Amino acid sequence: MKNAPRLISDQQLSRLSEFVTVWLGLHFPGNRWRDLQRCMVSAARELGIPDVNACVALLLSRQLTREQEEILANHLTIGETYFFRDQKSFDILENRILPGLIAARRGRDQRLRIWSAGCSSGEEPYSLAMLLSRLIPDNREWQITILASDVNTRSLAKAAHGVYSEWSFRNVPQWIRQRYFTRNNDGFFELSHTVRRMVSFAVLNLAEDSFPSLATNTSAMDIIFCRNVLMYFEQKKQLRVIDGFRRSLVDGGWLVVSPCETSAAFSTSFDTVFFSGAAFYRKHVQGDKTRTPPPAVETIFDEAGTGDRGSVKTFESKPTAETILFKEGTGDRGSVKTFVSQPTAETILYEEALELYQQGSYVEAVGKLSRLPLTSETDSAWMPLFEKASALMARSLANQGRIAPALEWVERAISVDKLNAELYYLRATIFQEQGALSPAIASLKQSLYLDQDFVLAHFSLGTLTLQQGKKGEAGRHFEIACSLLEALPADEPVPASDGMTAARLSEIIAATRAGILQP
């Protein structure tokens with residue numbers, strides 16, 4: 001390509017490079033403009049646009065359809081991968097990290113969550129699945145999540161299909177193919193269903209989408225693999241993605257990147273752990289010996305059970321205007337203007353906890369919430385804040401991977417507000433984390449009984465019923481979700497989605513309905 005003619009002007013390539021950085025997070029500096037041009041020429045050809053400059057102009061003006069933008073994204077994000085790429089990383093995982101993690105969980109909370117971010121055509125997440133199948137022979141008795149995400153829907157479709165050529169097996173021992181693959185009539189190698197079922201796929205744009213999120217199943221991860229991805233991002237996007245990974249990991253969780261992607265940005269949130277031939281990053285443990293540990297959640301349960309509010313007697317609860325209006329029951333909003341609404345001590349604590357949660361400091365958020373009088377045996381004016389605080393406690397615990405206490409707290413919130421559809425949806429996501437599909441489906445149906453237009457509940461119910469093989473029922477829920485999304489602006493966040501836009505959820509549903517995300 002060195003001697004290829006410059007079909008797109010430097011000025012347009014500069015604008016295009018800036019646009020792609022914002023859109024996909026990909027960094028195309030001047031020395032990579034010919035690569036950018038090559039991608040655009042290839043994409044324009046597939047789109048049926050004879051003039052590549054016209055294609056560039058359409059993209060910059062955002063006049064392309066979502067399907068056309070997807071084609072462009074597919075051409076810009078073609079990845080190079082193969083099974084057990086960088087064997088050293090897998091050796092460290094097998095011999096130094098996973099044995100201790102598995103031993104700590106065995107017989108207790110038998111859960112393990114791994115995310116392959118930027119999975120391309122699937123060789124990396126399937127390599128992880130093969131590794132876990134050897135280390136955990138009884139893996140059916142565990143709740144194992146291997147999430148594989150990418151922005152390139154074609155790569156995801158190939159990954160979900162699970163069929164590979166000889167090229168994906170370079171430097172791979174022969175026994176891997178013999179044990180996990182079957183050669184088909186076309187000479188390709190088809191991965192066994194036992195391994196394929198361990199991996200779930202998702203369309204996710206690291207540059208634009210929010211994570212962690214219960215909606216995208218990107219919370220409470222034990223290990224995140226993101227190799228040969230960050231190096232294509234410009235610095236601001238790198239920092240945002242690294243912070244998102246930090247918040248998506250449980251305390252002590254591991255981030256694995258390629259050796260060429262080391263950055264000073266990791267040192268603020270991760271401990272660098274050097275192994276022979278590689279460096280991994282481990283998330284700081286909140287509340288370690290250098291910090292004052294927050295009260296244990298179990299202690300909070302006991303206090304809530306007794307109704308003992310001794311720890312909060314020093315709070316002087318000053319009524320807000322809304323509380324006074326509620327107690328008077330006059331319905332005359334004019335009189336409210338004479339009151340100065342002052343935040344209560346409880347409200348301040350809740351807001352501080354919410355800010356910590358949004359920063360990914362889940363343990364510290366629980367510590368703040370534990371100082372609240374979280375018992376339903378209080379006056380009615382306290383109920384709205386109790387419900388919000390209980391739900392936030394549940395989310396904070398779920399994002400730490402503490403599923404059982406998270407479920408207890410969401411049940412407490414429901415006991416106060418039995419007509420809140422979002423609480424039933426939250427409970428369903430926690431059930432799903434436990435692998436309890438039937439209770440999750442029942443809770444989603446309760447959510448839709450209360451709010452028939454709850455988009456995420458329809459989407460989740462469609463996904464779960466599809467897993468059960470109920471394609472007709474799943475299709476109906478996807479259809480309703482799509483219809484509801486059409487009424488929303490493309491860039492508007494979907495309610496209860498942690499920031500996922502209507503356009504992004506529409507893309508995920510389209511990929512799911514097309515079978516792209518189904519292994």
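How many bridges join strand β9 to strand β10? Six bridges join these two strands, β9 covering residues 270-275 and β10 covering residues 278-283, and the strands run antiparallel.

## Basis of the model

This is a predicted model, in which local features need pLDDT of at least 70 and side-chain atom pairs count only at pLDDT 80 or more, while totals for chains, interfaces and linings use all residues. Residues are numbered from 1 along each chain as its sequence is written, and side-chain values use heavy atoms, with hydrogens and water left out.

## Strands β8, β9 and β10

Helices and strands here are DSSP runs numbered from the N terminus (helices: H or I, at least four residues; strands: E, at least two). Two strands pair if DSSP finds at least two bridges between them. Within the pair β9 and β10, D271 has R282 of β10 as its bridge partner. The hairpin of β9 and β10 has two residues between the strands, and G277 takes a positive phi near 90° there.

Strand β10 also pairs with β8 (residues 249-256): two bridges join them, and they run antiparallel. In this pairing W254 stands opposite R282 of β10. R282 thus appears in both descriptions, as the bridge partner of D271 and opposite W254.

## The sheet of β3, β5 and β4

Three strands form an open sheet in the order β3-β5-β4, with antiparallel pairing. The edge strands are β3 (163-164) and β4 (181-183), each of which pairs on one side only. Two bridges join β3 to β5 (residues 189-191). V163 has E190 in β5 as its bridge partner.

## Helix packing

Two packed helices are described by the angle between their axes and the distance between the axes. Axes are lines fitted to C-alpha atoms, for helices over the stretch in contact, and angles run from 0 to 180 degrees between N-to-C directions. The axes of α13 (residues 345-358) and α15 (residues 383-398) come within 11 Å and cross at roughly 25°. That angle makes α13 roughly parallel to α15; angles under 35 degrees count as roughly parallel, over 145 as roughly antiparallel, 65 to 115 as roughly perpendicular and the rest as oblique. The crossing of α13 and α15 is left-handed, a term used if the near helix is turned anticlockwise from the far one by less than a right angle, with right-handed used if clockwise.

For α19 and α21, the axes come within 12 Å and cross at roughly 20°. These two helices are therefore roughly parallel to each other, and α19 passes α21 in a left-handed crossing.

## Largest pocket

Pockets and cavities are found on a 1 Å grid over the protein atoms alone: a cavity is a set of points where a 1.4 Å probe fits but cannot get out, a pocket is an open set with protein on both sides within 12 Å along at least five of seven lines, and lining residues have an atom within 4 Å of a point. Grid points are joined across faces, edges and corners, and a volume is the space filled by probe spheres set on the points.

The largest pocket has a volume of about 1300 Å³. Its lining has 40 residues, of which S200, N217, Q432, T463 and Q467 lie nearest the centre. The elements that give two or more residues to this lining are β2 (143-150), β6 (199-203), α17 (421-434), α19 (455-467) and α21 (502-513). By class, the lining has 20 nonpolar, 16 polar and four charged residues. Ala, Val, Leu, Ile, Met, Phe, Trp, Tyr, Cys and Pro count as nonpolar, Asp, Glu, Lys and Arg as charged, and the others, Gly among them, as polar.

## Cavities

The structure holds two cavities of 30 Å³ or more. The second largest has about 30 Å³ of space and is lined by Y425, A428, T429, Q432, L444, S460 and L464. Helices α17 and α19 are the elements that give two or more residues to this lining, and α17 gives the most, with four. The classes are four nonpolar, three polar and no charged residues.

## Backbone details in loops

A cis peptide bond joins F211 and P212, with omega about 10°. P212 lies in the loop between β6 and β7 (221-225). S120 has a positive phi of about 55° although it is not a glycine, and lies in the loop between β1 (111-117) and α6 (123-135).
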